[in-house]
Amino acid sequence: MENARVIQFPSKRVLKPLLKPRRIDSEPSLGQMVGKGLTDATMRELALKFKNPQSERDLRDRLIFLLASSTGLRAKELVNLRFSNITHSPEGDILVRYRKKGGKLGYTIIHENILDEIKIYQNFIGEKSDYFLLSLPKKKNGKRSPLSTRGLQWVVNSWDVQTASGKLIHPHALRHTVAQKTFDHFGSIATQKLLGHSSANTTSNYYTRPYFNAGSVLNWS
């Protein structure tokens, strides 16, 4: 009779696999967007700068500022806003459909006064377009086209102000500004809806400040 085969079991305890995935470097660290937006003082400076537009360029820049600072949309989303995508919520809010990063549909609220500004802008230039934002007239033929993402970048750069961390302003800095202000006042869920993030946890990781100002209560005088 052959000897029975003996299976040796390990004497050391076998470790169970980790139930939680390890954090990877590509995940957002807490509050990593601090300083990437504009200060309140800079936003007030820009609002004052665009208060009384006199030219087509002034009207367009004012409109870009109003749209970007009230919706928090990405540059590509902003330049693709159209009248044909306007709808209304059950409460009567003016909504505009747009294509989010990744291809899904999103909705953003456009305030009625901003919609009026768009109409004033298009009446001023004498051109009715489905697109909200247009380029300046081309030198060759005088025609305008929908503003491109690169064109929007150039316009915002030309405002020549800096972010809180000292970088030249760019369209995404306005998105960060809107996101941080909304997050501070309304929390992660509201900010997630505004920005079109897939998860409120992602929003929270990006915009939870790594500090807290308790000066109003920590006053011993």
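This is a short talk on the fold, the nonpolar core, the salt bridges and one helix of this protein.

Good morning. One caution first: the model is predicted.

Let me start with the overall layout. The protein has eight helices and three strands. Read from the N terminus, the order is α-α-α-β-β-β-α-α-α-α-α. The chain of the protein has 221 residues, and 38% of them are buried. Take the contacts with a separation of 6 or more: 54% of them are between residues 24 or more positions apart. The exposed area is about 15,000 Å², with 53% of it from carbon and sulfur atoms.

Now the inside. In soluble globular proteins, nonpolar side chains tend to be buried together. Here, the largest nonpolar core holds 38 residues. Which members touch the most others? They are L67, F132 and W159. Several elements give two or more residues to this core: α1, α2, α3, β2, α4, α5 and α6. On your screens, α1 is 40–49, α2 is 56–71 and α3 is 75–79. Strand β2 is 94–99, α4 is 112–125, α5 is 149–157 and α6 is 171–186. Helix α2 gives the most, with seven residues. Another core lies apart from this one. That core has five residues, including M33, A179, F183 and L195.

Go back to W159 for a moment. Leave out its neighbours within four places in sequence. W159 is then in contact with L46, K49, F50, D61, I64, F65, I169 and L174. Note K49 and D61 in that list.

Next, the charges. Side chains of opposite charge can pair when their charged atoms come close. The count here is seven salt bridges. I will take three of them.

First, E56 and R144. Their closest N and O atoms are 2.9 Å apart. E56 is in helix α2, while R144 is in the loop between α4 and α5. That puts the partners 88 residues apart, so this pair links distant parts of the chain. Is E56 buried or exposed? The relative accessibility of E56 is 13%, so E56 counts as buried. There is also a network here: salt bridges link E56, E127 and R144.

Second, R62 and E117. This salt bridge is 2.8 Å, N to O. R62 sits in helix α2 and E117 in helix α4, 55 residues apart. Again, the pair links distant parts of the chain. R62 has 18% relative accessibility and counts as buried. E117 is at 18% too, and counts as buried.

Third, R74 and E77. The closest N and O atoms of this salt bridge are 2.8 Å apart. R74 has a relative accessible area of 19%, and the cut-off for buried is under 20%. So R74 counts as buried. E77, at 4%, is buried as well.

There is a lysine to look at beside this pair. K101 is in the loop between β2 and β3. K101 is in contact with R74 and E77, leaving aside its neighbours within four places in sequence. Along the chain, K101 and R74 are 27 residues apart, and their C-alpha atoms are separated by 8.6 Å. Where R74 is buried, K101 is exposed, with a relative accessible area of 68%.

Last topic: helix α4. Check its length first. It has 14 residues, and at 1.5 Å a residue they should span 20 Å. The end C-alpha atoms of α4 are 20 Å apart, which agrees.

Which residues of α4 are buried? They are I114, L115, E117, I118, Y121, Q122 and I125. Looking down the axis of α4, these buried residues fall within an arc of 155°, so they line one face of the helix. E112 and N113, on the other side of α4, are exposed. What do the buried residues of α4 pack against? The answer is α2, β1 and β2. E117 is one of those buried residues, and its salt bridge partner is R62, in helix α2. Just after α4 comes G126, with a positive phi of about 70°.

To wrap up, three points. Helix α2 gives the most residues to the largest core. Salt bridges tie α2 to α4 through R62 and E117, and to the loop between α4 and α5 through E56 and R144. And α4 lines up its buried residues on one face.

Methods
Residues numbered from 1 in each chain as written. Predicted model: local features only at pLDDT ≥ 70, side-chain atom pairs only at ≥ 80, totals over all residues. Heavy atoms only, no water. Core = buried A, V, L, I, M, F, W, Y, C linked by side-chain atoms within 4.5 Å. Buried < 20%, exposed > 50% of the residue type's maximum accessible area, 1.4 Å probe, protein only. Helix = DSSP H or I, 4+ residues; strand = E, 2+ residues; numbered from the N terminus. Contact = heavy atoms within 4.5 Å. Salt bridge = Lys/Arg side-chain N within 4 Å of Asp/Glu carboxyl O. Expected span 1.5 Å × (residues − 1). Arc of directions from axis to C-beta. Areas by Shrake-Rupley, 256 points an atom, 1.4 Å probe, with all protein chains shown as cover.
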